[in-house]
Structure formats: structure tokens, C-alpha cells
Amino acid sequence: MSPESIALAGSQAVLALVGVAVGGAKVTHQEDQVQNFQRFGYPQWFRILTGLIEIGAGLALLAGLVWLSEFTVAGGILLSSVMVGAVATHVRTGDPLSKTAVPAILFAVTAGLLIIRDVTIPL
């Protein structure tokens, strides 16, 4: 296995774990997540839905490492979509760059993963 392959698999694994961890914080009603969604003006059911999508994305990214690359596509699309929404929310609410940068970087890394893996979306 080449160093590039190891780095790519490692990046995918880290993204997967981030998705599961951040989603888990949302679905387990972590106080900061509850407060953030209130501050954003979103209903709490949306926090749970967002968390479940993030967990699903993380699990799909992990499954893509072990089974089929199609799981990588699904997980990458889900995670990058949630991150676009997170960036838009932070910008809309006037949050500082420090809060907006994290989802923006996660989006960029996830999009880069999909591009580098040369994954095509079946139509």
C-alpha cells in the first residue's frame, strides 16, 4: 500500500469518525448542540435529523473503506451537504470565522476525498 493510499484511507477514516462524533453529540442532546440549534432558529427535531444524517454519513464512509466504494460516494455527498448547510447557517447568524471555518474545512476535505478517489455518481 502506497503512502498516498494510506493517507487517503486515513483521511476518510478521520472524516467518518468526525461525522459519527458530531452527529452523536446532536442526537444525545449535548447542551451546546441544543443551544446552538435554538440560537440558529431551528427546531430541535432538525438537530436530531442532522445528527442522524451525520452519523449515517460517517458510517457510510467507514463502510466505503471496507466494502464498496459506493458507500464512500453516499457518505461523502451526505457529509459535504450537511457541511454546506452548516457554513450557510454560521454565515447567516453572523458567527465568527472560527466557527464557520470548521464546517468549511470539513466540506473541502470531503469534496477533495471524492475528487481524489475519482468517484463518479451513477446516474
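The legends below describe an overall view and several close-up views of a predicted model.

**Figure 1. Overall view of the protein, with 5 helices and 0 strands.**
Read from the N terminus, the elements follow the order α-α-α-α-α. The radius of gyration is 15 Å, and the globule rule gives a close value of 14 Å for 123 residues, so the protein is as compact as a globular protein of that length. Measured out along the principal axes, the C-alpha trace spans about 45 × 30 × 25 Å. Buried residues make up 33% of the 123 in the protein. Of the contacts between residues at least 6 apart in sequence, 63% join residues at least 24 apart.

**Figure 2. Surface and charges of the protein, which exposes about 7100 Å².**
Carbon and sulfur atoms supply 72% of this exposed area. The protein carries 6 positive and 7 negative charges. The mean position of the positive charges and that of the negative charges are 10 Å apart.

**Figure 3. Close-up of Thr72 in helix α4, which covers residues 69–92.**
Thr72 has a relative accessible area of 2% and is therefore buried, the cut-off being under 20%. The side chain of Thr72 makes a polar contact of 2.9 Å with the side chain of Gln12. Gln12 also appears among the residues in contact with Thr72 once neighbours within four places in sequence are set aside. The others in that list are Ala60, Leu61, Gly64, Leu65, Leu113, Leu114 and Arg117.

**Figure 4. Close-up of Ala63 in helix α3, which covers residues 44–66.**
The relative accessibility of Ala63 is 10%, so this residue counts as buried. Beyond the residues up to four places away in sequence, Ala63 touches Leu68 and Phe71. Ala13 is shown as a distance marker. The C-alpha atoms of Ala63 and Ala13 are 9.7 Å apart in space, while the two residues are 50 residues apart in sequence.

**Figure 5. Close-up of His29 in the loop between α1 and α2.**
Helix α1 covers residues 3–27 and helix α2 covers residues 31–40, with His29 placed in the loop between them. The phi angle of His29 is positive, at about 60 degrees, although this residue is not a glycine. With a relative accessibility of 47%, His29 counts as partly exposed.

**Figure 6. Close-up of Pro103 in helix α5, which covers residues 97–116.**
Pro103 has a relative accessible area of 7% and is buried. Leaving out neighbours within four places in sequence, the residues in contact with Pro103 are Met83, Ala86, Val87 and His90. For His90, the C-alpha atom is separated from that of Pro103 by 9.2 Å. Pro103 and His90 are 13 residues apart along the chain.

**Figure 7. Close-up of Thr89 in helix α4.**
Thr89 is buried, as its relative accessible area is 6%. When residues up to four places away in sequence are not counted, Thr89 touches Phe40 and Tyr42. Helix α4, where Thr89 lies, is also the place of Thr72.

**Figure 8. Close-up of Ser81 in helix α4.**
Ser81 counts as partly exposed because its relative accessibility is 44%, in between the cut-offs of 20% and 50%. A polar atom of the Ser81 side chain lies 2.7 Å from the backbone oxygen of Ile77. Leu15 is included as a distance marker. Between the C-alpha atoms of Ser81 and Leu15 the separation is 14 Å, and the two residues are 66 residues apart along the chain.

Methods:
Residues are numbered from 1 along each chain as its sequence is written. This is a predicted model: local features need pLDDT of at least 70, side-chain atom pairs count only at pLDDT 80 or more; totals for chains, interfaces and linings use all residues. Side-chain values use heavy atoms; hydrogens and water are left out. Helices (H or I, at least four residues) and strands (E, at least two) are DSSP runs, numbered from the N terminus. The radius of gyration is taken over C-alpha atoms; the globule rule is 2.2 Å times the number of residues to the power 0.38. Buried means under 20% relative accessible area, exposed over 50%, partly exposed in between (1.4 Å probe, protein chains only). Contact means heavy atoms within 4.5 Å. Accessible areas come from the Shrake-Rupley method with a 1.4 Å probe; for residues, only the protein chains shown count as cover. Lys and Arg count as positive and Asp and Glu as negative; His and the chain ends are not counted. The place of a charge is taken as NZ of Lys, CZ of Arg, CG of Asp or CD of Glu. A polar contact is a pair of N or O atoms within 3.5 Å; within protein, one must be able to donate a hydrogen and the other to accept it, and residues adjacent in sequence count only if both atoms are side-chain atoms.
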